[in-house]
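Open the model in your viewer and keep the selection tool at hand. Each stop below says what to select and what is there.

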Amino acid sequence: MVFIKIRAFIILLGLVFHSGLAHANQKTFTIAVAKDTAFLQTIKPYLINTYLALNYDVEFVESSLGRGFKYADEGKVDALTLRVRELETESTNLIRIPVPLVSGEFVLYCQQSIKCNHTVFNDPAKIIGVVSGTNLTSVFMKDKHASTYQVSAFPKLIQLLKGKRLNYILSFEVGGKSVFGDLSEIRLSKVLIKKINAYHYVHQKHKPLAEQIEQNLLNAINQLGPVVEKVTELENDKLSRN
């Protein structure tokens, strides 16, 4: 009886050791995600499934939008949650995974009853709200003559517009709705600048994994459904709670 108990204890100890060793050998993939942006949270389950299939744990590193880009470009994190391809000229170190995750619109929002067209971008008297760091809003305004007012995150821009502290901001929509804050309660004008697609990007050191990541991401979309459906559900849930 004693022998059986000792043997069972040794087997149990071996299982615990093996489990701990397996966990210790589990690799971690770090992904930059912009903080205070609920919209980007809808992307997380797709990326978790993608990297779990490669035997990676996923750690999301929250930062400002610009800082996240810098971390990924320098290889301090392994990937960016989401980025538009128009920013590929800003870095040679990031590889686009060619699966469009989100299709949307890059837009100019304007307070109602003021000039709202493409000419405002080159009017030195105008101030356009943008997000600081390397992102489409700031890059778009680089060669324009209008001034810019920079904040660290899109939700802050939305609040400044709603509070009428800014007359113009650059932002994004999916399915015709703002993804960074509800604007249904105020009257605005808007101008479509261009339609865009957003993708997941990884640092070039992970190039050998790119094809597997692409296939796993497609599998995640087939399993979980299109990302745009999750974004729409998120926005509808916000509206129902207001």
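The tour runs from the whole chain to pockets, charged pairs and single residues.

**Whole chain**

Keep in mind that this is a predicted model. Select the chain and colour it by secondary structure. Eight helices and nine strands appear. The chain has 242 residues, and buried ones make up 46% of them. Now switch on a surface. The accessible surface comes to about 13,000 Å², and carbon and sulfur atoms account for 54% of that area.

How far apart in sequence are the contacting residues? Take the contacts between residues at least 6 apart in sequence: 73% of them join residues at least 24 apart.

**The largest pocket**

Select Leu 40, Leu 65, Leu 82, Phe 154 and Phe 180. The largest pocket has a volume of about 500 Å³. Of its 36 lining residues, those five are the closest to its centre. Centre the view on them.

Next, show the elements around the pocket. Several helices each give at least two residues to the lining: α2 (38-41), α4 (65-73) and α6 (154-162). Strands do so as well: β1 (27-34), β3 (79-84), β4 (94-111), β7 (168-174) and β9 (188-203). Which element supplies the largest share of the lining? Select β3, which contributes five residues.

Colour the lining by class. You should find 22 nonpolar, eight polar and six charged residues.

**The cavity**

Rolling a probe the size of a water molecule over the atoms shows where empty space is left. How many cavities of 30 Å³ or more does the structure hold? There is one. The space in this largest cavity is about 40 Å³.

Select its lining: Phe 69, Arg 83, Val 84, Leu 87, Glu 88, Ser 91, Leu 94 and Tyr 201. By class, that makes five nonpolar residues, one polar and two charged. Keep Glu 88 selected for the next stop.

**Charged pairs**

Side chains of opposite charge can pair when their charged atoms come close. The structure holds 11 salt bridges. Visit these:

- Glu 88 and Arg 96. Glu 88, from the cavity lining, forms a salt bridge with Arg 96. The closest N and O atoms are 2.5 Å apart. Glu 88 is partly exposed, because its relative accessible area of 31% falls between the 20% and 50% limits. Arg 96 is also partly exposed, at 24%.
- Asp 123 and Lys 126. Here the closest N and O atoms of the salt bridge are 3.1 Å apart. Is Lys 126 buried or exposed? Lys 126 counts as buried, because its 19% relative accessibility is under the 20% limit.
- Asp 143 and Lys 144. This salt bridge has its closest N and O atoms 2.8 Å apart. Asp 143 counts as exposed, at 57% relative accessibility. Lys 144, at 21%, counts as partly exposed.
- Lys 70, Glu 74 and Lys 76. Select the three together. They are linked in a network of salt bridges.

**Leu 224**

Go to helix α7 (residues 210-224) and select Leu 224 in it. Which residues does Leu 224 touch, leaving aside those up to four places away in sequence? The answer is Pro 45, Tyr 46, Asn 49 and Lys 230.

Draw a distance from Leu 224 to Pro 45. They are 179 residues apart along the chain, and their C-alpha atoms are separated by 8.4 Å. Leu 224 counts as partly exposed, at 27% relative accessibility.

**Positive phi**

Finish with the backbone. Select Asn 55, in the loop between α3 (44-52) and β2 (56-63). Asn 55 is not a glycine, yet its phi is positive, at about 70 degrees. Its relative accessibility is 41%, so Asn 55 counts as partly exposed.

Then move to the loop between α6 and β7 and select Lys 164. Lys 164 is not a glycine either, and its phi is positive at about 60 degrees. Is Lys 164 buried or exposed? Lys 164 counts as exposed, because its 65% relative accessibility is over the 50% limit.

Terms used. Residues numbered from 1 in each chain as written. Predicted model: local features only at pLDDT ≥ 70, side-chain atom pairs only at ≥ 80, totals over all residues. Heavy atoms only, no water. 1 Å grid on protein atoms, 1.4 Å probe; cavity = no way out; pocket = protein on both sides within 12 Å on 5 of 7 lines; lining within 4 Å. Points joined across faces, edges and corners; volume = space filled by probe spheres on them. Nonpolar A, V, L, I, M, F, W, Y, C, P; charged D, E, K, R; others polar. Salt bridge = Lys/Arg side-chain N within 4 Å of Asp/Glu carboxyl O. Buried < 20%, exposed > 50% of the residue type's maximum accessible area, 1.4 Å probe, protein only. Helix = DSSP H or I, 4+ residues; strand = E, 2+ residues; numbered from the N terminus. Contact = heavy atoms within 4.5 Å. Areas by Shrake-Rupley, 256 points an atom, 1.4 Å probe, with all protein chains shown as cover.
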